Amino acid sequence: MKKEWPLWEVFIRGQHGLNHRHVGSLHAPDAEMAIKNARDVYTRRKEGVSIWVVPSAQITASDPGSKDALFEPSVDKIYRHPSFYNIPDDVGKM
Amino acid sequence: MTEPGDKIANDVFFDWLLRRGDTALVLGHRVSEWCGHSPVLEEDIALANIALDLIGQARLWLSLAGEVEGKGRGENELAYLRDAWDFRNLLLAEQPNGDFGQTMMRQFLIDAYQSQLLKALATSADNRVAEIAVKAGKEVDYHLDRSADLVIRLGDGTSESRQRMQAALESLWPYSGEMFKGDAVDQAVVAAKIAPSPEGLRTEWLSTVDAVFTEATLSKPETDFAHTGGLTGRHTEHLGHILADMQFLQRAYPGATW
C-alpha cells in the first residue's frame, strides 16, 4: 500500500462572477478531505467563495521540451492581435 | 443597560460565562499544542485554525464575563491572571492530546456538545450571548464536520487506527458526562432564559455521537460514570501544567505587550 496521500490541485473562486483560479496543491486521501484541507490551507484569509479540487494525476500537461515548437511560432505574428483596427468611439471599451 | 441577563445575579452569570470562556480557552490551548507537530502539513494548518477559532471564542466569552463581573477585569486578566481553582472549564477540555486519534476524539465529543449548545444559545434572551453564539456556531459546525469525519475515517480505518480510536473513546468517555450535569448556576441561567438546561442537550448529543460511532465501528462504553468538578474549579492535574505554559509570560513579565 502506498503510504503517501495522492496530490490534488486546488482552484478557488475569489468572488462571484470570477473564474476559479489555480492556487496550489495539497495532499489528501480523497476528494472530500481534499476540499476540507483546501478550505483550511487556502481560504483562511477570506480568499474565496467556492473550491474545486482535481486529482493532479488527472491533469495532462504540455511537454516542456516542445516549448519552442508549441509557442515560438506565435511570437512574430503580431498581426494576430486585434490591434490594427480602428474602433469607433461609440463602441466604448473593448 | 437592561439586558434580560440582568435578572440573574451578576456573580452567577459571571460563573456561567467563565464556563463557556474557559472551556474554549483551555481546549484552544490544547489544540494549539499541535502546531508544528501534526502528522501532515494540511492537518497542522487545520488544527491551528481550529485553535484560533476557539481562542477567538474564549476572548468573546471572557470579555463579556469581565463586563458582567464589573470589577474592571478584561479578557486578558481573566485568561492570564487566574489560578487553576478559578478556572471553570470542562475536565474534558484539559485532557492531554495523546495521539492524534485521542485529540480528534476529544474534539468530536466536545464539538457535538458545543454545536447543540450554541444553537440553543443563538436564541438566548440575552442579546450579547446570542451574538457570540451565532458567530461561534458557524465555526463549531465546521469543527464538528471535520472531527466527526476523522473519527469515522480512523475508527473504520486500519486495525491499528481502530484500536487507537476505541482506546481514546474509552479513556475520554467518563469525562463527557460533565457536560450534561446541571447545578444551581445552570438553573439560574435557565430561569433567566439565557441558556438551555444541560440535561436537555444530552438526548440529541447522544444521537449524534451514536450515529458517528456506529459508522466508525466503535463501541460506546457501557458506563455512565462521570468525572465532574471542572465547572466548579476542581481540576485534574493537567490544568496546572497548561496554565504554567499559557500564563508564563504575563506572570514573569507583568503587563508585557508587544
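Helices α1(B) and α2(B) are roughly antiparallel to each other (an angle over 145 degrees; under 35 would be roughly parallel, 65 to 115 roughly perpendicular and the rest oblique), because they pack at an angle of about 160°. The model is predicted: local features need pLDDT of at least 70 and side-chain atom pairs pLDDT 80 or more, while totals for chains, interfaces and linings use all residues. Residues are numbered from 1 along each chain as its sequence is written, and chains are lettered from A and ligands numbered from 1 in the order in which they are written.

**Helix packing in chain B**
- Helix α1 of chain B spans residues 10–32, and its axis lies 7 Å from that of α2(B).
- The crossing of α1(B) past α2(B) is left-handed (the near helix is turned anticlockwise from the far one by less than a right angle).
- The contact of α1(B) with α2(B) comprises 20 nonpolar, five polar and two charged residues.

**Interface between chains A and B**
- Eight residues of chain A are in contact with six residues of chain B (C-beta atoms, placed from the backbone, within 7 Å).
- On the side of chain B that touches chain A, helix α2 (residues 41–69) gives the most, with four residues.
- That side of chain B consists of three nonpolar, one polar and two charged residues.

**Asp83(B)**
- Asp83(B) lies in the loop between α3 (75–80) and α4 (91–94) of chain B.
- Asp83(B) counts as exposed because it has 11 C-beta neighbours inside 10 Å (12 or fewer is exposed, 20 or more buried, and in between partly exposed).
- The C-alpha atom of Asp83(B) is separated by 27 Å from that of Met104(B), 21 residues apart along the chain.

Note on methods. Contact = placed C-beta atoms within 7 Å. Helix = DSSP H or I, 4+ residues; strand = E, 2+ residues; numbered from the N terminus. Nonpolar A, V, L, I, M, F, W, Y, C, P; charged D, E, K, R; others polar. Axes fitted to C-alpha atoms, helices over the stretch in contact; angles between N-to-C directions.
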